[in-house]
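Thanks for coming. I have one structure to go through today, and I will put it on the screen now.

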Amino acid sequence: MKLLVTGGAGFIGSTYVRRRLAERPDDEIVVLDKLTYAGRRENLAAAPESQIELVEADIADREAVARAIDGCGAVVNFAAESHVDRSIAEPDAFIQTDVFGTFVLLEAARDAGIRHLQISTDEVYGSIEEGSFTESSPIEPSSPYSASKAGGDLLVGAFQRTYGADALIVRASNNYGPFQHPEKLIPLMVLNAMAGDRLPVYGDGMQVRNWLFTEDFASAIDVVLERGEAGEVYNVGGPEELPNIEVVRRILELTGRDESLIDHVTDRLGHDRRYSLSAERTEGLGWRAQVHFDEGIERTVAWYRDNRDWWEPIRSGEYREYYERQYGTKLGS
Ligand code: NAD
Ligand code: DAU
């Protein structure tokens, strides 16, 4: 099988590629990635060269996509602008990639007559106070990020219903694990705690997220790719729900720091209070999460401790300016 994996140089995409190639030595993967600030060649260094081709291109570039898809049996689309805070400050790239880029890929997969698996998010459902979202919950996105992901999802459904395209969606809860960009909550807190820097907790820190170890999500994607039905949505929720402040406390314990590092800063605009996803339908296909938060967070903190070479260049580049813009005036000294 030859797969087209878009956004395969990012956090979840590269985890998926490394895992799939390690398990299937006869597979080939074409990774098409724009290599934005979030995509890195180094993330794919462990994948065997004979099995992987990296094409640096935009999913919205029709010609590049048509060339890359040639001979592939399916597309798995991870490519997206993925950070909520950046979408609040500058939404344009989110609409372009997450909506228009998804449309270009759907057309290419339809022309090639192959399956399109869209990687989506629980954020399209909005916030839930009690209970858990199922696949039939209404779409009520809060941020420009989640609205653009919802736009991509709606196009997937439309392509399946209108053209009979073999297209389907997985929606995951918050992923964490090695290789996640330091802009996201867990790596940001781990790296700041290790350095003895302030920990910017938005608002009261009681927002709840449903944590999913990224290797577990990667395994769910193959299950859905192989056994999922066209036109369907499959939710992949993690085994634990935790308020952000609890996550930060766990990180403080693991890094040997105390709570004096915590700064409660101005809340995120339109901040969703709680996400909770029922994974029942995906479990019905034979998938189960294997890694609980206690184990996953230990492995994650250990990985960042041992892989300074991976994150140091990120923290000193574009991220520095982003960090100043995002937190500079919020944080105490
Ligand atoms: P990420 O930001 O780490 O990676 C995104 C990748 O897409 C990068 O390699 C980037 O270079 C690439 N990319 C961006 N724009 C592109 C374009 N126009 N053309 C080609 N490549 C482009 O994101 P992630 O956390 O790995 O998320 C991957 C996917 O999973 C996204 O679609 C995201 O919405 C979804 N998702 C993420 C989470 C999470 O917790 N991280 C949870 C649910 C769903
Ligand atoms: O739920 C799935 C989504 O999870 C994915 O679709 C997104 O791509 C991914 O980025 C993630 O979105 P979140 O907004 O939930 O993740 P983030 O790491 O940005 O924030 C997690 C929580 O932590 C959220 O409630 C905001 C809070 N937070 C985040 C940062 C970066 C803070 O309190 N302080 C921070 O500095």
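I will go through the domains, then the two ligands, then two residues in loops.

A word of caution to begin: this is a predicted model.

Let me take the domains. The assignment splits the protein into domain 1, with 2-175 + 213-236, and domain 2, with 177-209 + 239-271 + 293-327. On the screen you can see that each domain is written in separate pieces of the chain. Taken over C-alpha atoms, the centres of domain 1 and domain 2 are 25 Å apart. In the contact there are 18 residues from domain 1 and 22 residues from domain 2. Between domain 1 and domain 2 about 1900 Å² is buried, and carbon and sulfur atoms give 51% of that area.

That brings me to ligand 2. Why do we say that ligand 2 lies between domain 1 and domain 2? Ligand 2 lies between them because both domains give residues to the shell around it. There are 24 residues around ligand 2, and those that come nearest are Thr121, Asp122, Tyr145, Arg268 and His271.

Two of those names return in the polar contacts. The side chain of Tyr145 has an N or O atom 2.6 Å from an oxygen atom of ligand 2. For the side chain of His271, the distance from an N or O atom to an oxygen atom of ligand 2 is 2.7 Å. The backbone takes part as well: a polar backbone atom of Leu185 is 2.8 Å from an oxygen atom of ligand 2. On its own, ligand 2 has 680 Å² of accessible area, and the protein covers 94% of it.

Which elements supply at least two residues each to this shell? They are helix H3 (84-89), helix H6 (185-195) and strand E8 (199-202). Strand E8 gives the most, with three residues. By class, the shell around ligand 2 has nine nonpolar, eight polar and seven charged residues.

Now ligand 1. It is surrounded by 28 residues, the closest being Ile12, Asp33, Ser82, Tyr145 and Lys149. You have heard Tyr145 already, since it is also listed among the residues nearest to ligand 2.

As for polar contacts, the side chain of Thr97 puts an N or O atom 3.0 Å from a nitrogen atom of ligand 1. An oxygen atom of ligand 1 is 3.1 Å from a backbone N or O atom of Thr36. At Ile119, a polar backbone atom is 3.5 Å from an oxygen atom of ligand 1. Ligand 1 taken alone exposes 840 Å², of which the protein buries 97%.

Helix H1 (11-23), strand E5 (115-121) and helix H5 (144-163) are the elements that give two or more residues to the shell around ligand 1. Strand E5 has the largest share, with three residues. The classes here are 13 nonpolar, 11 polar and four charged residues.

Last, two points about the backbone. Most residues other than glycine have a negative phi. Leu35 is not a glycine, yet its phi is positive, at about 50°. Leu35 sits in the loop between strand E2 (28-33) and strand E3 (52-56). Phe179 also has a positive phi, near 75°. You will find Phe179 in the loop between strand E7 (175-176) and helix H6, and helix H6 is one of the elements that supply residues to the shell around ligand 2.

That is what I have for today.

Definitions and conventions: Residues numbered from 1 in each chain as written. Chains lettered and ligands numbered in written order. Predicted model: local features only at pLDDT ≥ 70, side-chain atom pairs only at ≥ 80, totals over all residues. Heavy atoms only, no water. Near = heavy atom within 4 Å. Polar contact = N/O pair within 3.5 Å; in protein donor to acceptor, adjacent residues only side chain to side chain. Areas by Shrake-Rupley, 256 points an atom, 1.4 Å probe, with all protein chains shown as cover. Helix = DSSP H or I, 4+ residues; strand = E, 2+ residues; numbered from the N terminus. Nonpolar A, V, L, I, M, F, W, Y, C, P; charged D, E, K, R; others polar. Domains from an automatic or database assignment. Contact = heavy atoms within 4.5 Å. Buried area = accessible area lost by both parts, 1.4 Å probe.
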